[in-house]
Amino acid sequence: MTLQDPPHRSTTESRSTHGDAALDAGTKTDSEYLGQLGYKQELKRALGLVSSFGIQFSAIAVASALFTTIGVGFGYFGPASFWSFVIGGAFQVFFVGIAIAELVSAYPLSGGVYQIVSRLTKKPWLGWQTGWWIVIAHIVSIPAIAVAIAPAVAGWFGVEFADPGEALPWVLGIIVAGTIVNIVHVRIATAVNNVGVICELVATVIVVVALIAVPHPTQPASILFDTAGTTDGGFILPLLLAFVLPAFIISAFDATGNAGEETKNASRTAPLGQLLANGAGWLFGSIFLFLLMISIPDVRAVMADSFPGKLILESAIGPVLSNIFEVLAIIALFACNCIIQLTGVRVLWSQARDGQLPGSTWLKKVNRWGVPVNATLVCFAIAIIFAVWSSALSVLTAMVALSWALAYTVAVFVGFWALMRKRVPARPFTTGRWWPLVFGVAALWSVVLCTAIVLTDPFAVGGGMVLVIAVGIAIYLLIPKSRRGKIQGITTPTSTVNK
């Protein structure tokens with residue numbers, strides 16, 4: 001893979017003289033290329049590489065996310081879930097992530113996968129549906145993160161929950177706070193996100209250094225192969241299910257792409273920020289998880305605990321440092337929540353801008369500071385519905401992971417097909433002659449991942465996704481026929497769109 005300076009033409013692709021294949025994302029300014037794709041500049045381009053990295057890194061929040069979801073890996077594969085994160089995370093970052101980064105480089109547009117699939121296939125209905133899945137992934141992430149951090153936030157005020165229902169007011173308060181941040185100004189959201197990134201980095205460094213420097217009993221390396229009885233009924237299924245751990249954490253690969261129209265030099269900055277953040281997240285996460293695993297005080301106690309990450313840290317480094325980490329982790333996860341909402345809103349706004357939603361005229365409005373307030377409020381309302389519908393973190397996180405994984409599955413298959421047909425615009429970031437390997441492995445891994453996520457709870461997760469798809473179809477059919485399937489820069493006959 002390479003990041004090239006203009007003028008650029010891929011050495012592995014010949015270019016046609018028509019359609020998107022004749023475009024070149026590397027030789028135009030941001031506004032010029034946006035104009036070639038059929039849009040005018042409406043959002044504020046305020047994000048550089050540091051902020052782009054921050055958006056993606058915050059969307060991962062790897063140490064904080066592992067701290068709150070490590071129990072998922074234990075439940076499926078015991079301490080051996082370390083290898084699920086390392087191996088599964090590597091596939092996520094170095095195949096799926098790189099494939100999506102190349103497509104983002106070609107189309108650095110708000111809407112991400114929605115725009116990519118629509119433009120490469122010239123089938124806006126397919127792009128719309130994948131965009132809808134991404135919207136749902138972002139929206140469901142909001143209550144999922146709020147549910148994960150609510151007990152800790154309430155605990156700071158001396159409040160404990162006897163049952164999950166008692167957390168609802170706190171969950172709603174966290175969602176409201178994040179929405180206010182996103183409504184005010186994109187710079188405020190970026191500032192909050194940058195604080196979150198700093199907290200994430202500081203928290204990771206504190207724990208890693210403490211786990212190395214503070215004397216405490218450690219387990220032999222053999223604990224990394226201890227499945228703690230989870231494989232008594234067979235090895236393959238628990239290993240497969242454990243791959244949901246990296247799927248829950250290293251996802252949202254097009255977060256920087258969704259903010260592409262607010263990013264400077266987007267065709268380079270967005271994919272580079274994405275790859276740096278994904279790679280750093282995987283590396284830091286692997287180190288952090290390794291140190292946690294060898295610091296397990298008692299495998300049985302950890303497997304039975306509802307918050308195993310905290311149990312391990314308190315045992316290894318003491319309650320003071322553990323509490324400091326928890327505070328920093330919660331701040332990082334709140335920032336993650338804000339940025340997940342921001343990028344999800346951009347997908348919804350992008351669909352509305354194209355007239356591909358009921359009430360598009362209202363939804364596509366932006367205020368004087370370039371914030372799509374109405375789209376933000378709609379995402380907020382849907383997030384509240386999901387928060388009320390389920391306070392089960394496992395169901396919410398699995399729904400998030402499946403929505404993202406399924407959308408990326410479609411995107412990498414479409415990308416493979418489009419590269420084979422030489423339909424992708426020239427772009428600064430390219431995998432060159434390695435694209436068949438990268439996109440091929442990314443496609444296969446995506447199928448494996450979707451299968452694993454559905455198997456965690458076929459009824460709630462698989463059935464929930466079927467419902468999401470059905471609702472998406474219903475919403476799409478509510479779009480007036482006069483504009484349904486008509487996206488800027490895409491000329492698709494109405495008869496084809498409506499089939």
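**Reading a predicted model, feature by feature**

Me: What relative accessibility does Asn265 have, and how does that class it?

Reply: Asn265 has a relative accessibility of 37% and so counts as partly exposed, because that class lies between the under 20% of buried residues and the over 50% of exposed ones. Please keep in mind throughout that this is a predicted model. Asn265 sits in the loop between helix H11 (255-258) and helix H12 (266-294).

Me: What is notable about the phi of Asn265?

Reply: The general idea is that most residues other than glycine have a negative phi. In this structure, Asn265 has a positive phi, near 50 degrees, although Asn265 is a residue other than glycine. Lys122 gives another case, with a positive phi of about 55 degrees, and Lys122 is not a glycine either. Lys122 belongs to the loop between helix H5 (113-121) and H6, where its relative accessible area of 28% makes it partly exposed.

Me: How confident is the prediction along the chain, as judged by pLDDT?

Reply: The average pLDDT over the chain is 86, and 93% of the residues score at least 70. Two stretches call for more caution: over residues 4-18 the pLDDT stays under 50, although the model has 36 contacts there beyond four places in sequence, and over residues 491-499 the pLDDT is also below 50, with 10 contacts beyond near neighbours in sequence.

Me: Which residues touch the most other members of the largest nonpolar core?

Reply: That core has 157 residues, and Phe85, Ile249, Phe325 and Ile453 touch the most other members. Helix H6 (residues 124-156) supplies the largest share of the core, with 18 residues. To see what such a position looks like, take Ile453, which, once neighbours within four places in sequence are left aside, is in contact with Val244, Ala247, Ala398, Ala401, Leu402, Ala405 and Val461.

Me: How many aromatic pairs are there, and how should I read their geometry?

Reply: The count comes to 17 aromatic pairs, and for each of them one reads the distance between ring centres together with the angle between ring planes. Phe67 and Phe325 form an edge-to-face pair, 4.9 Å centre to centre with 80 degrees between the planes. This pair links distant parts of the chain, since Phe67 lies in helix H3 (residues 62-77) and Phe325 in helix H15 (residues 319-353), 258 residues apart. Phe67 is buried at a relative accessible area of 2%, and Phe325 is buried at 0%. Trp128 and Trp132, by contrast, form a stacked pair, at 5.9 Å centre to centre and 15 degrees between the planes. Both lie in helix H6, four residues apart, which is about one turn of the helix. Trp128 counts as buried at 0% relative accessibility, as does Trp132 at 8%.

Me: Which residues do ring pairs link into a cluster, and where does Arg353 lie relative to Tyr39?

Reply: The cluster is made up of Phe67, Phe288, Phe307 and Phe325, linked by ring pairs. Arg353 lies over the face of Tyr39, 3.7 Å from the ring centre.

Me: How many disulfides does a search of the whole structure find?

Reply: The search finds zero disulfides. The test to apply is whether two cysteine sulfur atoms lie within 2.5 Å. The closest cysteine sulfur to that of Cys199 is in Cys338, 12 Å away and so too far for a bond. The sulfur of Cys336 also has that of Cys338 as its closest, at 9.1 Å, again too far for a bond. Cys199 counts as buried at 10% relative accessibility, and Cys336 counts as buried at 4%.

Key. Residues are numbered from 1 along each chain as its sequence is written. This is a predicted model: local features need pLDDT of at least 70, side-chain atom pairs count only at pLDDT 80 or more; totals for chains, interfaces and linings use all residues. Side-chain values use heavy atoms; hydrogens and water are left out. Buried means under 20% relative accessible area, exposed over 50%, partly exposed in between (1.4 Å probe, protein chains only). A nonpolar core is a set of buried Ala, Val, Leu, Ile, Met, Phe, Trp, Tyr and Cys residues joined through side-chain atoms within 4.5 Å. Helices (H or I, at least four residues) and strands (E, at least two) are DSSP runs, numbered from the N terminus. Contact means heavy atoms within 4.5 Å. pLDDT is the predictor's confidence in each residue, from 0 to 100. Rings of Phe, Tyr and Trp (its six-membered ring) pair if their centres lie within 6.5 Å; planes under 30 degrees apart count as stacked, over 60 as edge-to-face and the rest as tilted. A charge sits over a ring if NZ of Lys or CZ of Arg is within 6 Å of the ring centre and within 35 degrees of the ring normal.
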